[in-house]
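Thanks for stopping by to look at this one with me. Below is a short tour of the model, going from the ligands to the helices and then to a few single residues.

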Amino acid sequence: MTVTIVGSQLGDEGKGALVDLWGGDADIVVRYQGGDNAGHTVVEDGEEYKLSLVPSGAVRDKVGVLGNGCVINPRTLFSEIDDLRERGLDPDVRLAKRAHVIMPYHRRLDNIEEEAKADSDLTVGTTGRGIGPTYEDKAGRRGIRVGDLLDPDVLRQRLEYVVPQKKALIEDVYGLEAGEECDVEALVEEFTEIGRRLREDDMAVNCGDFLAERREAGDNVMFEGAQGTLIDIDHGSYPYVTSSNPTAGGAATGTGVGPTVVGQGEVVGIVKAYLSRVGEGPMPTELKDDDREEELADFIREKGGEFGTVTGRPRRIGWLDMPMLRHAARVSGFTGIAVNHLDVLAGLDEVKVGHAYELEGDERLTMPATTERWGECEPVLKGFDTWPEVDWAAVTEEGYEAIPDAAQDYLEYLSDEIDVPIYAVGVGPGREQTVHIENPFDD
Ligand code: GDP
Ligand code: IMO
Ligand code: MG
């Protein structure tokens with residue numbers, strides 16, 4: 001049995017919380033794309049864990065795998081593992097030998113390129129973690145893979161080829177000075193040592209084979225998506241995207257199981273009851289048009305704690321966007337959704353969703369394929385009755401029927417519009433602050 005968790009919107013929908021909740025029934029939790037640009041929050045008994053690379057299942061002592069579709073910064077990985085150990089956990093993390101490694105020059109180039117775009121509308125507002133440049137090298141067949149770290153001769157050969165290119169880029173194209181990040185000897189030394197630790201701790205695996213063996217032995221696997229559909233490199237708001245495929249197809253290509261394995265399991269979209277976005281790009285339902293909207297956005301931002309987990313940036317806020325959600329449900333083929341942050345909308349004077357877009361006088365229910373056209377879309381808003389603050393702890397105990405009627409109407413509208421059932425409703429950050437409807441691991 002597999003369950004794939006996918007961000008339906010712009011990232012930070014609360015994926016970590018649901019991976020943690022349902023991960024209790026998984027044996028293995030596998031990240032299939034992205035790297036330490038992710039920030040997944042798990043709150044267990046009031047204790048908060050913010051994970052950027054170690055799969056969220058680590059908090060529950062599950063085997064965590066970073067699939068071949070991931071880009072891995074070993075410095076982040078080991079510092080995160082060490083931090084978790086200090087907090088009394090013993091994470092068992094395996095790395096796909098086919099996964100690519102984020103090298104120090106990737107991070108430098110990520111920041112240099114963002115700086116170069118700073119005064120134009122091409123700025124993406126990346127997390128600065130070197131994600132884009134690492135995927136570029138993967139596609140350009142000049143990347144360094146986890147498997148290469150295990151063989152110092154191969155590592156040296158690859159670095160001797162690629163580093164002079166990076167140095168020339170930094171110095172001749174950008175007119176800056178290359179530093180330690182382009183010192184081949186220092187890189188060989190540091191990354192050979194990392195390879196030694198991976199070997200010593202038996203962490204590098206053939207991901208596809210490893211998962212096949214574990215599945216044959218009867219293990220349940222959870223695929224943990226990072227980021228979200230609208231920042232998917234193919235299906236998102238290009239170029240304001242990350243460089244990988246957070247959508248469900250990525251779970252197959254990013255781990256080495258067949259698409260049929262993913263498709264025979266459940267694919268659960270994680271939905272935030274409103275929208276948040278860190279970084280640039282259009283957002284038709286953004287709350288920013290006048291003082292009143294800005295005040296509302298500030299209120300939601302504070303109440304929902306909408307500040308980037310990785311970079312601390314304040315997140316942009318908007319109403320839930322249905323054309324976006326219809327697009328996400330189709331691209332990933334959701335079999336269920338979880339709707340988080342229902343509590344954050346409680347007690348507001350108004351609750352709206354963008355039901356459709358208006359573009360050149362036409363009303364449309366789906367998103368245009370180009371970001372420029374998307375940016376021209378005006379939302380057609382639909383108002384809902386508001387719901388009050390209630391005792392959410394009591395609601396989670398009593399179940400779905402205890403959710404205020406107006407909030408139930410809101411949830412049922414979402415579910416009906418995309419024709420996908422709701423499996424859970426988040427009413428707070430903690431593991432126990434979830435209204436359970438269906439566990440996707442149950443038959
Ligand atoms: P992820 O990247 O999708 O895992 O989400 P993040 O962890 O970056 O951001 C979600 C934030 O919302 C975290 O601080 C969570 O603890 C919190 N959170 C998750 N679900 C809920 C919910 O239902 N209600 C509230 N108020 N907070 C939630
Ligand atoms: P989780 O997994 C929200 C955004 C960045 C930027 C764009 C590209 O926590 O949901 P990158 O560093 O990936 O090249 O940046 O993508 N971004 C995220 N936004 N949540 C994330 O991850 C994100 N990871 C990247 O802000 O706009
Ligand atoms: Mg996040």
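## Around the ligands

In this predicted model, a polar backbone atom of Glu 13 sits 3.1 Å from an oxygen atom of ligand 1. Lys 15 also uses its backbone here, with an N or O atom 2.7 Å from an oxygen atom of ligand 1. Thr 41 contributes its side chain instead: one of its polar side-chain atoms is 2.5 Å from an oxygen atom of ligand 1. If you widen the view, 18 residues surround ligand 1, and those that come nearest are Lys 15, Gly 16, Gly 39, Thr 41 and Asp 343.

Ligand 2 has 21 residues around it, of which Asp 12, Lys 15, His 40, Thr 127 and Thr 242 come nearest. Lys 15 is thus listed among the nearest residues for ligand 1 and for ligand 2. Three polar pairs are worth a look at ligand 2. Thr 127 places a polar side-chain atom 2.6 Å from an oxygen atom of the ligand, and an N or O atom in the side chain of Arg 313 is 3.0 Å from an oxygen atom of ligand 2. Val 124 takes part through its backbone, where a polar atom is 3.4 Å from an oxygen atom of ligand 2.

Here are the ligand pairs side by side.

| Residue and atom type | Ligand atom | Distance |
|---|---|---|
| Glu 13, polar backbone atom | oxygen of ligand 1 | 3.1 Å |
| Lys 15, backbone N or O atom | oxygen of ligand 1 | 2.7 Å |
| Thr 41, polar side-chain atom | oxygen of ligand 1 | 2.5 Å |
| Val 124, polar backbone atom | oxygen of ligand 2 | 3.4 Å |
| Thr 127, polar side-chain atom | oxygen of ligand 2 | 2.6 Å |
| Arg 313, side-chain N or O atom | oxygen of ligand 2 | 3.0 Å |

## How the helices pack

Let's move on to the helices. Helix α3 covers residues 104-116 and helix α6 covers residues 152-173; they pack at about 25°, and their axes are 11 Å apart. Since angles under 35 degrees count as roughly parallel, α3 and α6 are therefore roughly parallel to each other. Their crossing is left-handed. On the α3 side, the contact involves Tyr 105, Arg 108, Leu 109 and Ile 112, which meet Leu 159, Val 162, Val 163, Lys 166, Leu 169 and Ile 170 of α6. Sorted by class, this contact has eight nonpolar residues, two charged ones and no polar ones.

Helix α6 also packs against helix α7 (residues 184-200), at an angle of about 145° and with the axes 10 Å apart. This crossing is right-handed. From α6 come Pro 152, Leu 155, Arg 156, Leu 159, Glu 160 and Val 163, and they meet Val 184, Glu 185, Leu 187, Val 188, Phe 191 and Thr 192 of α7. The residues here divide into eight nonpolar, one polar and three charged. Leu 159 and Val 163 of α6 appear in the contact with α3 and again in the contact with α7.

Returning to α3, its axis and that of helix α4 (residues 131-139) come within 7 Å and cross at roughly 115°. The crossing of α3 with α4 is right-handed. Tyr 105, His 106, Leu 109, Asp 110 and Glu 113 of α3 make this contact with Ile 131, Pro 133, Thr 134, Glu 136 and Asp 137 of α4. By class, the residues of the contact of α3 with α4 are four nonpolar, two polar and four charged.

## Single residues to inspect

Which side chain makes a polar contact with that of His 355? The partner is Tyr 413, at 2.6 Å. His 355 belongs to strand β15 (residues 351-359). Beyond four places away in sequence, His 355 touches Met 322, Pro 323, Arg 326, Leu 365, Val 380, Lys 382, Tyr 413 and Glu 417.

Two backbone details may interest you too. The peptide bond from Tyr 238 to Pro 239 is cis, with omega near 5°, and Pro 239 is in the loop between β10 (221-224) and α9 (249-253). Asp 45 is not a glycine, yet it has a positive phi of about 50°; this residue is in the loop between β3 (40-44) and β4 (47-51).

Finally, Pro 314 is in the loop between α11 (291-304) and β13 (316-321). Leaving out residues up to four places away in sequence, Pro 314 touches Val 278, Arg 301, Glu 306 and Phe 307.

Note on methods: Residues are numbered from 1 along each chain as its sequence is written. Chains are lettered from A and ligands numbered from 1 in the order in which they are written. This is a predicted model: local features need pLDDT of at least 70, side-chain atom pairs count only at pLDDT 80 or more; totals for chains, interfaces and linings use all residues. Side-chain values use heavy atoms; hydrogens and water are left out. Axes are lines fitted to C-alpha atoms, for helices over the stretch in contact, and angles run from 0 to 180 degrees between N-to-C directions. Helices (H or I, at least four residues) and strands (E, at least two) are DSSP runs, numbered from the N terminus. Angles under 35 degrees count as roughly parallel, over 145 as roughly antiparallel, 65 to 115 as roughly perpendicular and the rest as oblique. A crossing is left-handed if the near helix is turned anticlockwise from the far one by less than a right angle, and right-handed if clockwise. Contact means heavy atoms within 4.5 Å. Ala, Val, Leu, Ile, Met, Phe, Trp, Tyr, Cys and Pro count as nonpolar, Asp, Glu, Lys and Arg as charged, and the others, Gly among them, as polar. A residue is near a molecule or strand if one of its heavy atoms lies within 4 Å of it. A polar contact is a pair of N or O atoms within 3.5 Å; within protein, one must be able to donate a hydrogen and the other to accept it, and residues adjacent in sequence count only if both atoms are side-chain atoms.
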